[in-house]
Amino acid sequence: MPPADPMTDPAEDRRFMAAAIALSERGRGLSTPNPNVGCLIVRDGRVVGRGWTQKGGRPHAEAQALEQAMDRAHGATAYVTLEPCFHLSPRGPRCADLLARAGIRRAVIALRDPDPRTNGQGAAWLRDHGVAVEMGLMETQARAAMAGFVLRQTRGRPAVTLKLGLSLDGRIALPDGSSRWITGPDARAHAHLERARHDAILVGGGTLRCDAPRLDVRLPGMESRSPRRILLSRGEAPSGWGRIKRPEDIAALDRVDHLLVEGGAQTAAAFLRAGLVDRLLLYRAPILIGEGLPGIGDIGLADLAQAHGRWALADERHLGVDRLEVYAAARSA
């Protein structure tokens, strides 16, 4: 067995787990149907292996980190954003077993796996094989980074982000529908980065007819990360597009854990009325339009009191002359 651990440093644990969570974000929008996990292997205070779940779900983050660490994993600490998988799969070995066989002496895990095939069993397997296991460090941050996977497991649907580009007075276009461009190039670049972090992107029939949007990622070097295109409509979808008739139909979208809703006002309202928006991205331009098209249609509020307490500010920043506000739904996973 590996020698006993020296006294651990909580600040160092948080630093390495934060780095593992940052790594996990690299796989968001690519790793589905598997969760976008991040893993660091640390020995004597130095990172000897790092990994994140790769495109299509394999290899897993732990396998990638262990391959990089090689024999330096023996006696090391593994920082993993999700409990290592325990279920058998024809696509690869169980990560709990890989870590135990590599001689990892301590596993710091952010989030217990909600998948019933692993839920608690991966951690138990590690403990049974002499690995010290600590669970729950930075759980909230890890859950947010893997929101799509968590919601798919707990509520049977993807995580939904609603993106709106608005004037200061809440308009998305002039009265004639002209909307290019409300926000500046920095905000638009950030919006393309958000597209790359999602499995699919959805618009309504009105936006399709008026704008004929490409809905791709136009950042240099990231064009291949353009998400699948989905239409919310009872009519036919263009070639190469998927289609759903109602917001609730997102539960049936295959291999979609993160869905970005981009337009228009009635589509935004439909998802909000259905209680299916987990995250808001509001890009505000320092302009006033006056009479124009509103960003959101009727969301079914009968009393102003019903509007309060539903959203919490999660982030805000300047993007050139524009301002981004990110809100999380109070009831979201």
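Cys-95 lies in helix H3 of this predicted model, where helices (H or I, at least four residues) and strands (E, at least two) are DSSP runs numbered from the N terminus. Local features need pLDDT of at least 70, side-chain atom pairs count only at pLDDT 80 or more, and totals for chains, interfaces and linings use all residues. Residues are numbered from 1 along each chain as its sequence is written, and side-chain values use heavy atoms, with hydrogens and water left out.

The UniProt record, an unreviewed entry, annotates His-60, Cys-85 and Cys-95 as "binding site"; such annotations may be inferred rather than shown by experiment. These residues span 36 residues in sequence, yet no two of their C-alpha atoms are more than 9.2 Å apart, so they gather at one spot.

His-60 is situated in the loop between S2 and H2. Burial (under 20% relative accessible area, 1.4 Å probe, protein chains only) and contacts (heavy atoms within 4.5 Å) are tabulated below, the latter without neighbours within four places in sequence.

| Residue | Relative accessible area | Contacts |
|---|---|---|
| His-60 | 11%, buried | Asn-34, Thr-53, Cys-85, Cys-95 |
| Cys-95 | 1%, buried | His-60, Glu-62, Pro-84, Cys-85 |

Helix H2 covers residues 61–69, and its buried residues are Ala-61, Glu-62, Ala-65, Leu-66 and Ala-69. Viewed down the axis of H2, they fall within an arc of 125 degrees, so they line one face of the helix; the arc is that of the directions from the helix axis to the C-beta atoms. The buried residues of H2 pack against strands S1 (38–43), S2 (46–52) and S3 (77–82), and against helix H3 (95–101).

Key
Buried < 20%, exposed > 50% of the residue type's maximum accessible area, 1.4 Å probe, protein only.
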